[in-house]
Amino acid sequence: MYPDYIIIGAGVIGLATAYELALAGASVTVVERGNAGSESSWAGSGILSVLPPWEYGDQVNALTQWSLELYPEWVERIRTESGFDPEYHVDGMLVMQQHDPKYDATKAQQWCQRYGVQMAQVSVRDIVPNAGLDSEAVWLPEVAQARNPCLLKALRGAVEKQGVRIIEQAEVTGFEVENGRMTSLQSSQGRLTAGNYIVTAGAWSSVMLGDLALQLRIKPIRGQIQLFKADPGLLGCVIRQDGIYLVPRHDGHILVGSTREDVGFDKSTTPEARTLFIERATEILPQLKEAELVRQWSGLRPGSPDNIPAIGRHPQVDNLYINSGHFRYGLTMAPASALLLGNILANRSQPIDINPYRWPQ
Ligand SMILES: Cc1cc2nc3c(=O)[nH]c(=O)nc-3n(C[C@H](O)[C@H](O)[C@H](O)COP(=O)(O)OP(=O)(O)OC[C@H]3O[C@@H](n4cnc5c(N)ncnc54)[C@H](O)[C@@H]3O)c2cc1C
């Protein structure tokens, strides 16, 4: 007997989708080229917010705000089911935009009012007393973060608890389509068959689909991160200044990110990024000069036009679906994206307009 669904790609989107479908009673297999949760979803910073939200359109914010409503319960459920702590914490985010010509305080205020998001205009040192610069900033106390590897471990555990089969080291290399339906896919571990197929292959989604991608335009956008180890408590919240952010984990690690580079599928790191991160991070938080430089890494975001993911059915192949292209905000959007696709598959009503996420023809 073959499963109801095969999901291709075990990042946060593939695993969240598998979880949603399995909870609804479906049988699900996830096929992953490498190890589950080891690409972009592992490499990200774990900020559960758009950066900053008032600079993005409604299509990004509708999905994100819905996801953020789902997050506390979703994350608690995967924690309980898996027994692993995703390290989800509501620490707040401080946004310093004083050098950004696009910054408009009224726009930020209006956005927060519209979405019912708490905000305050503060001085940086009101919130981060040891900051290197003091200026006006926007304080968003409700912004949460999750620690990527921990979240993925918990999500995988919860997914497996629901009976989902995860096949690792299995690269999908082709598809068979007959009379408008997908009949099987080829993988490095042989041919696999299911009732329905869902592409969640992140930055690789368009390339993997080949002609079936139609007008889908998902491409890799590299992001580099620098990891510091400082004393726990040195920084208590996420802080973002003119495109660079610091994300403190509770054990004293601080992530500094990130670049946005259009360099294809190249995951190397560069000395230029390292220098930039050290300079900017120590300017924002001078005590980082004494911190240990632990590691630098990069990941490939699934870049999409305007940061809007594609979620839904293929225009020509009845049983082929996509949930991909979440670009900079896949960790944030994961619970709502999975539920949105689950609602489509179960023919349920949707709380937001789903037209912006349709597969482009
Ligand atoms: C530096 C950086 C910082 C980020 N910071 C944040 C943040 O703070 N907040 C936020 O919300 N988001 C952030 N993101 C974005 C977020 O990480 C991504 O949007 C999200 O991880 C995308 O998830 P995904 O599951 O689609 O992709 P991935 O995690 O890349 O998963 C796709 C999976 O598909 C597999 N795959 C590909 N091709 C095949 C194939 N042919 N066969 C089988 N499997 C295949 C891959 O191996 C991979 O495991 C950041 C990303 C980066 C790189």
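**Exercise 1.** State how many bridges join E4 to strand E8, and place E4 in its sheet.

Solution. Strand E8 covers residues 144-145, and 2 bridges join E4 to this antiparallel strand. Strands here are DSSP runs (E, at least two residues) and helices likewise (H or I, at least four), numbered from the N terminus. Two strands count as paired if DSSP finds at least two bridges between them. Opposite Gln145 in E8 stands His89. The open sheet has 3 strands in the order E3-E8-E4, with antiparallel pairing. Strand E3 (47-48) and strand E4 (89-90) each have a single partner strand and stand at the edges, so one side of each lacks a neighbour in the sheet.

The model is predicted: local features need pLDDT of at least 70, side-chain atom pairs count only at pLDDT 80 or more, and totals for chains, interfaces and linings use all residues. Residues are numbered from 1 along each chain as its sequence is written, and side-chain values use heavy atoms, without hydrogens and water.

**Exercise 2.** Describe the interface of domain 1 and domain 2.

Solution. The bounds, from an automatic or database domain assignment, are 1-89 + 143-218 + 304-361 for domain 1 and 93-142 + 222-301 for domain 2. In contact (heavy atoms within 4.5 Å) are 31 residues of domain 1 and 37 residues of domain 2. Next, the rule for salt bridges (side-chain nitrogen of Lys or Arg within 4 Å of a carboxyl oxygen of Asp or Glu) finds 3 across the interface. The side chains of Glu39 and Lys267 form a salt bridge at 3.0 Å, N to O. Helix H2 (40-43), helix H3 (58-82) and E8 each supply at least two residues of the side of domain 1 that touches domain 2. H3 gives the largest share, 4 residues.
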